Amino acid sequence: QVQLVESGGGLVQAGGSLRLSCAASGRTFSRYAMGWFRQAPGKERDFVGGISGSGLRTTYADSVKGRFSISRDNVKNTVTLQMNSLKPEDTAVYYCAAGSGIVGPYDYWGQGTQVTVSS
């Protein structure tokens with residue numbers, strides 16, 4: 001069982017940056033791939049990006065490539081989503097998740113954190 005808690009959301013102007021963090025419980029954190037997802041109002045939850053358990057591999061949705069980056073610290077049991085050059089269309093609730101593969105399936109989810117980008 002893994003429990004995940006996101007933090008770092010907020011309001012930012014277009015072009016700005018935000019860093020989201022996800023803290024995980026448990027002693028087996030490095031066994032899990034970690035992913036970030038987002039859900040805008042009235043839309044489905046979309047995959048943003050993922051990172052392998054070792055942290056050596058990452059993958060990103062085309063919409064965020066070159067702007068977002070994911071990293072993890074397997075000592076502190078945290079995963080971070082650094083978001084740069086934010087756009088209003090990045091506005092969503094962002095979720096971190098833990099799973100067996102970098103592109104899923106993801107079995108454990110955090111409660112989400114709101115990111116709002118103003119134009």
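Let me start with a contact between a charge and a ring: Arg45 lies over the face of Trp109, with 4.7 Å to the ring centre. Arg45 also lies over the face of a second ring, that of Tyr95, and here the distance to the ring centre is 3.9 Å. I should say at once that what we have in front of us is a predicted model, and that the values I quote are to be taken with that in mind.

Let me turn from the charge to the rings themselves. The structure holds four aromatic pairs, and I will go through two that share Phe37. For Phe37 and Phe47, the ring centres are 5.4 Å apart and the planes stand at 70°, so this pair is edge-to-face, the cut-off for that class being over 60 degrees. Phe37 belongs to strand 4, which covers residues 33-39, while Phe47 belongs to strand 5, residues 45-51, so the pair ties together parts that are ten residues apart in sequence.

Are these two rings buried or exposed? Phe37 has a relative accessibility of 10% and counts as buried, whereas Phe47, at 26%, counts as partly exposed.

The other pair brings us back to Trp109. The rings of Phe37 and Trp109 have centres 4.7 Å apart and planes at 55°, so the pair counts as tilted. This pair links distant parts of the chain, since Phe37 sits in strand 4 and Trp109 in strand 10, residues 106-109, with their positions 72 residues apart in the sequence. Trp109, at 34% relative accessibility, counts as partly exposed. Taken together, ring pairs link Phe37, Phe47, Tyr106 and Trp109 into a cluster.

Now, what surrounds Phe37 along the strand? Strand 4 is mostly covered, with six of its seven residues buried, and it is joined to strands that I will take one at a time. With strand 9, residues 92-99, strand 4 runs antiparallel, and seven bridges join the two; within strand 9, Tyr94 is the residue that stands opposite Arg38. With strand 5, strand 4 again runs antiparallel, here through six bridges, and the bridge partner of Gly35 in strand 5 is Gly50.

Strand 4 and strand 5 also form a hairpin, with five residues between them, and in that turn Gly42 has a positive phi of about 75°. So to return to the picture I began with, the edge-to-face pair of Phe37 and Phe47 spans strand 4 and strand 5, the two strands of this hairpin, while Arg45 lies over the face of Trp109, the ring that pairs with Phe37 in the tilted arrangement.

Technical notes
Residues numbered from 1 in each chain as written. Predicted model: local features only at pLDDT ≥ 70, side-chain atom pairs only at ≥ 80, totals over all residues. Heavy atoms only, no water. Phe/Tyr/Trp six-rings, centres within 6.5 Å; stacked < 30°, edge-to-face > 60°. Helix = DSSP H or I, 4+ residues; strand = E, 2+ residues; numbered from the N terminus. Buried < 20%, exposed > 50% of the residue type's maximum accessible area, 1.4 Å probe, protein only. Lys NZ or Arg CZ within 6 Å of the ring centre and 35° of its normal. Pairing = 2+ DSSP bridges.
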